[in-house]
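User: Let's go through the ring and helix contacts. I want the reasoning behind each label.

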Amino acid sequence: GIARPSHSKSAPSERKVVFTSQHIAVTQLPSYETKKHKRQVFEIEPHDNTKRFETFVKTTPSPSFAAFFRDILSFLEQVQNLVNFHICVENHRKKAGFRVRVLYGEETPPRPENTCISCIGDGGLDEDQAHLLISESKNFRHWCDKKGRSVLVITPKDHLERMNQLSDEALALLFQEAISCVSKVVDPPKVLAMRINHGTFRNLRHLHLKVSVPPHLFYKSAMWKEKGSFTDKGKKAG
């Protein structure tokens, strides 16, 4: 279950554990400022943090994997009452395990609502969507990034806007399919980071998981040779 947040009186510049539950430990990191915003940062880890995230995805039973992210979402949305936040999952560089970093802070004005480029109309995929689609499953579509970055994008077929709208099974499948897509695109398969945004931290209201892979592998891939010319980057190069 969800535990109560602790109330440490540590100095603001120190790392301090502010929340624990059955599956996660949350550390408050020092805030920082950009030119436009002041950002607060949480770092979240599983208690038994010995695996790379890719291994955690592959070996953790779906109910346990979903429970890990449910605890994260419960902390952010119920305990902290956050609506707008950025989630980034990345492996530790100098030790075993991975971390989930969450950025939140001053809100930006809502982006204008446009036609959702990830939803499929009654007529099926339009031309741009067909060029960028890599593959699809029962619940998700896997895309080449429209801007041409070394990023793969995973979206649910249904128009969902938040992770908490996914079932436990779909929550696990989202990351499982992301790992599988990477293994089909880049050789050797390697993930740099996975990012998923909520609220005003995103441009696209359709829930989307962005998977960053090494550029030197991505731009040599068969997928890029096939689809790169249809991205913004490819069009400019052409």
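**Rings and helices**

Analyst: This is a predicted model. In it, the charged end of K233 sits over the ring of Y219, 5.2 Å from its centre.

User: How do you know that K233 sits over the ring of Y219?

Analyst: The distance is 5.2 Å, and the limit is within 6 Å of the ring centre. The charge must also lie within 35 degrees of the ring normal. K233 is listed as sitting over Y219, so both conditions of the definition hold.

User: Why is the pair of F56 and F65 called tilted?

Analyst: The structure holds 18 aromatic pairs. In this one, the centres are 5.6 Å apart and the planes are at 45°. Pairing needs centres within 6.5 Å; under 30 degrees is stacked and over 60 is edge-to-face, so 45° counts as tilted. F56 and F65 are both buried.

User: What makes F68 and F69 edge-to-face?

Analyst: Their planes stand at 85°, with centres 5.3 Å apart. The cut-off is over 60 degrees, so the pair is edge-to-face. F68 and F69 are buried too. Ring pairs link F53, F56, F65, F68, F69, F98 and F175 into a cluster.

User: Why are α2 and α4 called roughly perpendicular?

Analyst: Helix α2 (residues 62–79) and helix α4 (residues 168–185) pack at about 90°, axes 8 Å apart. The range is 65 to 115 degrees, so the label fits.

User: Which residues meet there?

Analyst: S62, F65, A66, F69 and R70 in α2 meet D168, L171, A172, F175 and Q176 in α4. The contact divides into 6 nonpolar, 2 polar and 2 charged residues.

How values were computed
Residues are numbered from 1 along each chain as its sequence is written. This is a predicted model: local features need pLDDT of at least 70, side-chain atom pairs count only at pLDDT 80 or more; totals for chains, interfaces and linings use all residues. Side-chain values use heavy atoms; hydrogens and water are left out. Rings of Phe, Tyr and Trp (its six-membered ring) pair if their centres lie within 6.5 Å; planes under 30 degrees apart count as stacked, over 60 as edge-to-face and the rest as tilted. Buried means under 20% relative accessible area, exposed over 50%, partly exposed in between (1.4 Å probe, protein chains only). Axes are lines fitted to C-alpha atoms, for helices over the stretch in contact, and angles run from 0 to 180 degrees between N-to-C directions. Helices (H or I, at least four residues) and strands (E, at least two) are DSSP runs, numbered from the N terminus. Angles under 35 degrees count as roughly parallel, over 145 as roughly antiparallel, 65 to 115 as roughly perpendicular and the rest as oblique. Contact means heavy atoms within 4.5 Å. Ala, Val, Leu, Ile, Met, Phe, Trp, Tyr, Cys and Pro count as nonpolar, Asp, Glu, Lys and Arg as charged, and the others, Gly among them, as polar.
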